[in-house]
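Visitor: I should like a close look at a single part of this structure, followed by an account of how its surroundings are put together. Please treat the matter in one connected answer.

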Amino acid sequence: MSEQTLFKVTVDGITIEVPAGTTILQAARQIGGEVAPPAMCYYSKLKGSGGKCRTCLVEVSKGSEKDPRPMPKLVASCRTTVMDGMEVKNITSEKVVDARAGVVEFLLLNHPLDCPICDQAGECHLQDLSFDHGKSKTRFEFQKRTFKKHDLGDKIQLHMTRCILCYRCVFTADQLTNKRVHGILDRGDHAEIATHIEKSLDNEFIGNVIDVCPVGALTDKTFRFKNRVWFLKPMDAHRDCPTCSGRVTLWNRGDEVYRVTARKDEWGEIEDTPDGKPGWICNNCRFDKKNASDWVIEGPRAISRASVISQGHYAGTVGMTKPTETFLAVNGGRAPHLLMDIHDESEVNKPNIHLGQIQGPSHGDTFENKKA
Ligand code: SF4
Ligand code: FES
């Protein structure tokens, strides 16, 4: 077997060796953390993805050992392969930070700010990107784009106004199903995700478009408006599925399974199964197996501390050991005691008035007129 050629590349001052042919983005991901540029359209599990959104722009301050001239413009790191001796700046480059702010502003021109009612909130890559690089105001004075509604069937909801045209769902349908029925119709300002003459997406692997969509343009109809992701507890689980790997994350509240998704890695991409294949899941696992008894639960899924999803869980990270300290121990041996009885403080809260028996909406008078 021939030996693999390794290239040295330095990203934000950190040097690593990667095989020739590796992209700058993949090299930066190997270093990890903030050094890795954000990516809204690139998806390592989808051939041909990347090169659309420009969020991954970086500055190449030294082309290579042989030709050390810097590259004249910022380059898309997801589509540019490393050269030996290359030096790259990501967050250490003012030009990059400035350009990224511009890209976020551009992506948000037509994107609605409906995060409070969007199912993707809390796990939306555009929300994270705007938090890191966005501005609090818009300079856009025109009406945002609107679209005719397209029905994609009973399982997948399309909100075209939220789509950033990353093409990930199109590549997914192309590469996972034998007959893609949706795509991007029209061009420029009119470009939109649609099927040609109202078809529904119903291939048994088509649910994966929900997992790859970086925003809330494609969401799960069986989960819509049912809960916020940060109130749910993600649990790794598996089942013996004849169609897919059967390795999933269950999003539970108590014992109730609200949602089933594929397992995702730190870059928000589908995790590989132990045999090294992408762990795409089938529609049956995703949409129809909503009982805890359908699954073998493996345990809580570790979620990044930075994610809002981990905020509702002890120590900020699901999967950590539950703290063992009791209130007595941390309060110097003093037991907590009731400081105030709410019924003494408020007329409204008289315990012997049954709220269910009050006709119509209750207000202060309702309680004052009743002799407790
Ligand atoms: S629907 Fe989602 S995945 Fe598809 S192109 Fe739009 S943003 Fe990308
Ligand atoms: S992630 Fe590189 S251009 Fe979109």
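What covers the buried residues of helix 3?

Guide: The model shown here is predicted. The cover over the buried residues of helix 3 includes helix 2. Helix 3 spans residues 125-133, and its buried residues are Leu126, Leu129 and His133. Viewed down the axis of helix 3, these buried residues fall within an arc of 60 degrees, so they line one face of the helix. A general point of geometry applies: an α-helix has 3.6 residues a turn, so residues three or four places apart point the same way.

From helix 3 the path leads through helix 2 to a sheet. Helix 2, residues 94-108, lies across strand 3 and strand 5 and runs at about 160 degrees to strand 3. The sheet in question is open and consists of five strands in the order 2-1-5-3-4, with mixed pairing. Its edge strands are strand 2 (14-19) and strand 4 (75-76), each of which pairs on one side only.

Strand 5 stands between strand 1 and strand 3 in that order. With strand 1 (residues 6-11), strand 5 runs parallel, and three bridges join the two; here Val9 stands opposite Met86. With strand 3 (residues 57-62), strand 5 pairs in the antiparallel sense, again over three bridges; Val60 has Val88 as its bridge partner. Strand 3 is in turn joined to strand 4 by two bridges, and these strands run antiparallel. Leu57 stands opposite Ala76 of strand 4.

The side chains of strand 5 (residues 86-89) alternate. Met86 and Val88 point to one face and are buried, whereas Glu87 and Lys89 point to the other face and are not buried. In a regular strand, side chains alternate between the two faces of the sheet.

A further helix is associated with this sheet. Helix 1 (residues 24-31) lies across strand 1, strand 2, strand 3, strand 4 and strand 5, and runs at about 120 degrees to strand 2. The buried residues of helix 1 are Ile24, Leu25, Ala27, Ala28 and Arg29. What covers them includes strand 1, strand 2, strand 3, strand 4 and strand 5. Just after helix 1, Gly32 takes a positive phi of about 90 degrees.

Arg29 of helix 1 also links this account to a later part of the chain. Glu269, in the loop between strand 12 (256-262) and helix 6 (283-288), has Arg29 among its contacts beyond four places in sequence. The other residues in that set are Tyr42, Tyr43, Ser44, Lys45, Arg263 and Lys264. With Ser44, the side chain of Glu269 makes a polar contact, side chain to side chain, at 2.4 Å. Glu269 has a relative accessible area of 2%, so this residue counts as buried.

Strand 12, which precedes the loop of Glu269, has six of its seven residues buried, so this strand is largely enclosed by the rest of the structure. Strand 11 (residues 247-253) and strand 12 run antiparallel and are joined by six bridges. Within this pairing, Trp251 has Arg259 of strand 12 as its bridge partner. The two strands form a hairpin with two residues between them, and Gly254 in the turn has a positive phi of about 60 degrees.

Positive phi values also occur at residues that are not glycine. In general, most residues other than glycine have a negative phi. Leu165, in the loop between strand 6 (156-158) and helix 4 (168-176), has a positive phi near 55 degrees. Phe225, in the loop between strand 9 (218-220) and strand 10 (233-238), has a positive phi of about 60 degrees. Phe225 counts as exposed because its relative accessibility is 55%.

The cysteines complete the account. The structure holds zero disulfides. The sulfur of Cys241 has its closest cysteine sulfur in Cys282, at 3.6 Å, which is too far for a bond. Cys241 counts as buried because its relative accessibility is 10%. Cys53, at 11% relative accessibility, also counts as buried.

Terms used: Residues are numbered from 1 along each chain as its sequence is written. Chains are lettered from A and ligands numbered from 1 in the order in which they are written. This is a predicted model: local features need pLDDT of at least 70, side-chain atom pairs count only at pLDDT 80 or more; totals for chains, interfaces and linings use all residues. Side-chain values use heavy atoms; hydrogens and water are left out. Helices (H or I, at least four residues) and strands (E, at least two) are DSSP runs, numbered from the N terminus. Buried means under 20% relative accessible area, exposed over 50%, partly exposed in between (1.4 Å probe, protein chains only). A polar contact is a pair of N or O atoms within 3.5 Å; within protein, one must be able to donate a hydrogen and the other to accept it, and residues adjacent in sequence count only if both atoms are side-chain atoms. Contact means heavy atoms within 4.5 Å. Two strands pair if DSSP finds at least two bridges between them. Axes are lines fitted to C-alpha atoms, for helices over the stretch in contact, and angles run from 0 to 180 degrees between N-to-C directions. The arc is that of the directions from the helix axis to the C-beta atoms. A disulfide is a pair of cysteine sulfur atoms within 2.5 Å.
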